[in-house]
Amino acid sequence: MNQVALTWILAEKDLKVAYRSPQAFLTTGFFALLILVIFNFAFDPGSQATREATPGILWVALLFPGIIQLNHSFQAEMEEGTLYGLILSPTDRGVLFFGKVLANWVFLVVVDLFVLVVFVIFYNFSFSVQMLWVVLIIVLASVGFAAVGTVFAAMLSSIRTREVLLPILLFPIIIPIILAAVNGTQEVLILEEAQFLHRWLQLLIAFDVIFLASGFLLFDYVVAE
Amino acid sequence: MRAVLNLDLEVCTGDFLAIFGPNGAGKTTLLKMVAGLTQPTSGDIQFTSQDGHSGRERVGYVSHQSFLYNELTGIENLIFYGRLYGVGEVRERADAMLVKMGLRDARHRKVGEYSRGMKQRLTLARALLHEPDLLLLDEPYTGLDQHGSRLFTEVLQGLKEEGRTVLLITHNLGAGLELCSRVVIQNKGELVFQASRRQLDASEFERLYFQAVEGKKNLESRIQNSEV
Amino acid sequence: MLSQNDQPSWQLARRYLQVANGLLIPGYLLVAVALYGAFLYAPTEREMGDVQRIFYFHMGTAWNAFLTFFGVFVAGITYLITRQSKWDRLAAACAEIGMVFTTIVMVTGSIWAKPIWNTWWAWGDPRLMTTMVLWLLYAAYFLLRSSLPEGDKKYQFCAVFGIIAFLDVPIVYMSIRWWRTIHPVVITSSGAGLATEMIHALIVSLIAMTVLCVTLVTLRTAMRLNASLADELFQQLDQRGDERL
């Protein structure tokens with residue numbers, strides 16, 4: 001069975017499991033919703049300054065719940081020891097990595113799109129073609145986020161304090177994603193012309209490639225006993 | 001801290017080895033090393049003509065954790081693992097295995113709804129699906145009631161008759177003795193006793209076990225005394 | 001944790017100590033010269049005044065903060081390849097000293113910035129921001145270390161984090177710089193050139209701080225090696241004690 005097919009089989013398993021018990025999904029989505037609402041109260045909704053801050057608000061609402069999602073992806077594997085089941089199998093560790101990243105990426109994008117819709121409604125943007133650029137940013141940013149996040153979530157899966165440690169480890173590392181995503185979104189939504197959007201997209205792609213590669217190489221060391 | 005030391009163990013094809021020992025003796029670590037889950041810090045694991053590293057597809061592992069996905073059905077679990085292990089004609093083999101374990105009727109139910117006994121049998125099915133040369137069982141009787149234990153022992157008996165090589169860790173001295181062809185007792189990381197089943201008297205065994213575990217020196221001196 | 005892979009660690013710890021001891025005298029001398037250079041030899045900067053003298057140590061410390069991070073990276077890779085726990089001791093020592101130095105960089109940077117730019121914290125300066133991220137990465141590294149029990153797993157995980165973190169730092173720096181070229185900040189560092197004496201003082205200071213850094217790292221590595229050996233001995237004593245019972 002070739003590697004690509006195996007990757008899909010692994011991801012499909014995660015998607016199936018999540019579909020049948022969507023609690024994690026729902027809590028993640030709800031948390032994001034809550035963040036959007038809280039920011040509504042925290043900042044003056046009418047002011048121009050708030051308007052300019054909205055890309056930042058969107059990404060806070062996407063990233064913090066995203067961490068919960070990542071934690072959960074390995075949480076679920078600890079219950080019945082299924083992670084050991086995967087490690088014991090002859091499956092290549094790199095394939096395990098890509099399978100998880102693929103599943104996590106799908107989850108992140110699905111929740112993110114939902115959050116984006118709510119965001120557009122709350123902050124009074126329009127569902128124009130321009131939004132597709134934001135979708136692209138979300139898609140690209142989620143790859144890098146899922147890549148590094150999967151490595152760390154796997155590492156922390158056996159540690160008690162994993163829920164607070166994952167953001168501590170992950171957030172400094174994904175600062176380039178945060179910069180690129182927020183600024184890219186700003187270019188699309190706030191600024192008159194999107195002059196530098198391509199720069200930010202390039203940064204996202206570079207980040208994704210570098211950390212997909214490093215994650216692939218290092219995953220062996222992260223799931224070992 | 002060393003979990004296992006000075007361990008030299010040879011297992012032949014068709015052996016059914018029962019491993020006894022108190023908690024913390026290092027039995028699980030030993031099994032994990034054979035399975036390739038942990039690397040030994042020195043020495044190595046060798047399969048007849050192949051060393052342990054590439055042998056993961058030849059090993060089946062059962063622990064007290066089921067390695068099953070509660071949200072997936074019985075057959076979905078088997079098909080998933082079958083594919084991971086590269087089993088051909090996965091669906092047919094999975095079906096056959098379910099019949100063998102008496103789980104055919106439950107195959108479309110989520111594993112989360114299974115009883116403990118059913119889960120253990122499905123776990124065994126999972127471990128056997130890829131026809132492993134070696135089956136490793138780590139305290140599989142945990143949590144099983146009398147009925148479940150009886151059923152499980154019957155299944156293992158079937159495996160023994162098929163001539164499978166099995167390593168069984170258990171606290172259940174009775175079941176272990178019933179099934180095994182060889183016995184090993186591990187304590188504080190070391191093998192303190194080895195014998196073939198024929199050399200042992202089942203009724204005496206519990207006493208022998210406590211002697212072995214309470215001190216190697218004690219055991220040696222008692223054997224010497226009895227010989228004299 | 002010791003494994004069969006470890007060389008006799010007593011000898012290794014002693015060798016590290018010897019290096020550290022050897023560097024002590026030159027280190028003291030160099031630091032003395034650097035102090036002289038910074039405070040007496042170098043002329044007072046025209047615009048910024050005497051506060052600028054902090055720059056000599058600020059630069060040296062900054063360079064070493066990143067050097068030790070490189071140390072964590074290399075030690076991590078070496079650990080993953082060789083599985084010898086001594087490399088983890090080195091990584092941890094590098095991280096310790098690195099964190100101290102990074103803190104010093106940020107504090108000296110603030111002390112320097114306030115009179116000059118009238119702000120304690122210059123948001124948007126790529127170097128300052130990257131240094132702060134470095135500090136966060138060091139802190140995360142130590143939080144990870146303290147959440148794991150001693151053993152191969154800990155060393156492995158910390159090595160992986162160290163490698164990923166190190167790869168990330170240049171990307172962070174570049175992202176912030178791009179960000180700042182697009183949204184330039186009013187605060188810019190004075191582009192005034194350095195007088196020759198200043199360059200001398202700077203070079204001496206850099207060398208002095210590097211020697212200091214290396215001395216501290218070797219010292220701490222030796223201490224960690226000895227500490228783990230002591231732990232192992234205590235454990236063996238405990239086990240023997242149990243056996244007697």
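**Exercise 1. The sheet of chain B**

How many bridges join strand β7 of chain B to strand β8 of chain B, and do the two strands run parallel or antiparallel? Work this out in the predicted model, then place the pair within its sheet.

*Solution.* Begin with the pair itself: strand β7 (residues 182-187) and strand β8 (residues 190-196) of chain B run antiparallel and are joined by six bridges. One of the pairings to look for is that of R182(B), whose bridge partner in β8(B) is S196(B). The two strands form a hairpin with two residues between them, and K188(B) in the turn has a positive phi of about 50°.

Next, widen the view to the open sheet of chain B, in which six strands follow the order β4-β5-β6-β1-β7-β8 with mixed pairing. Its edge strands, each pairing on one side only, are β4 (59-62) and β8 of chain B. On average, and with direction ignored, neighbouring strands of this sheet are turned by 15° against each other.

A parallel pair can be found here as well, since strand β5 (residues 134-138) and strand β6 (residues 165-169) of chain B run parallel and are joined by five bridges; L134(B) stands opposite T165(B) in β6(B). Finally, helix α7 (residues 202-214) of chain B packs on the sheet, where it touches β1 (16-20), β7 and β8 of chain B, and its direction makes about 35° with that of β7(B).

**Exercise 2. Two positive phi values**

Decide for F67(B) and for E131(B) where each residue lies, and whether each is buried or exposed.

*Solution.* Most residues other than glycine have a negative phi. Against this background, F67(B) has a positive phi near 60°, and E131(B), also not a glycine, has a positive phi of about 50°.

Locate them next: F67(B) lies in the loop between β4 and α2 (74-84) of chain B, whereas E131(B) lies in the loop between α4 (116-128) and β5 of chain B.

Then count the neighbours. F67(B) has 23 other C-beta atoms within 10 Å, and the cut-off for a buried residue is 20 or more, so F67(B) is buried. E131(B) has 12 C-beta neighbours inside 10 Å, and the limit for an exposed residue is 12 or fewer, so E131(B) counts as exposed.

**Exercise 3. The length of a helix**

Test what span helix α5 of chain A should have at 1.5 Å a residue, and compare it with the distance between its end C-alpha atoms.

*Solution.* Helix α5 of chain A takes in residues 93-122, which is 30 residues, and at 1.5 Å a residue these should span 44 Å. The end C-alpha atoms are 43 Å apart, which agrees with that expectation. Following α5(A) comes N124(A), whose phi is positive, near 65°.

**Exercise 4. Contact and core**

Describe the side of chain A that touches chain C, and then the largest nonpolar core.

*Solution.* The contact takes 25 residues from chain A and 25 residues from chain C. On the side of chain A, the elements giving two or more residues are α6 (131-156), α7 (162-173), α8 (175-189) and α9 (197-223), and α9(A) gives the most, with eight residues. By class, this side has 21 nonpolar, three polar and one charged residues.

Turning to the core, which has 194 residues, the members that touch the most others are V148(A), V151(A), L136(B), L168(B), A91(C) and V160(C). Its largest share, 16 residues, comes from α6(A). Leaving aside neighbours within four places in sequence, the contacts of L168(B) include L17(B), I19(B), L137(B) and C180(B).

Notes: Residues numbered from 1 in each chain as written. Chains lettered and ligands numbered in written order. Predicted model: local features only at pLDDT ≥ 70, side-chain atom pairs only at ≥ 80, totals over all residues. Pairing = 2+ DSSP bridges. Helix = DSSP H or I, 4+ residues; strand = E, 2+ residues; numbered from the N terminus. Axes fitted to C-alpha atoms, helices over the stretch in contact; angles between N-to-C directions. Contact = placed C-beta atoms within 7 Å. Expected span 1.5 Å × (residues − 1). Nonpolar A, V, L, I, M, F, W, Y, C, P; charged D, E, K, R; others polar. Core = buried A, V, L, I, M, F, W, Y, C linked by C-beta atoms within 7 Å.
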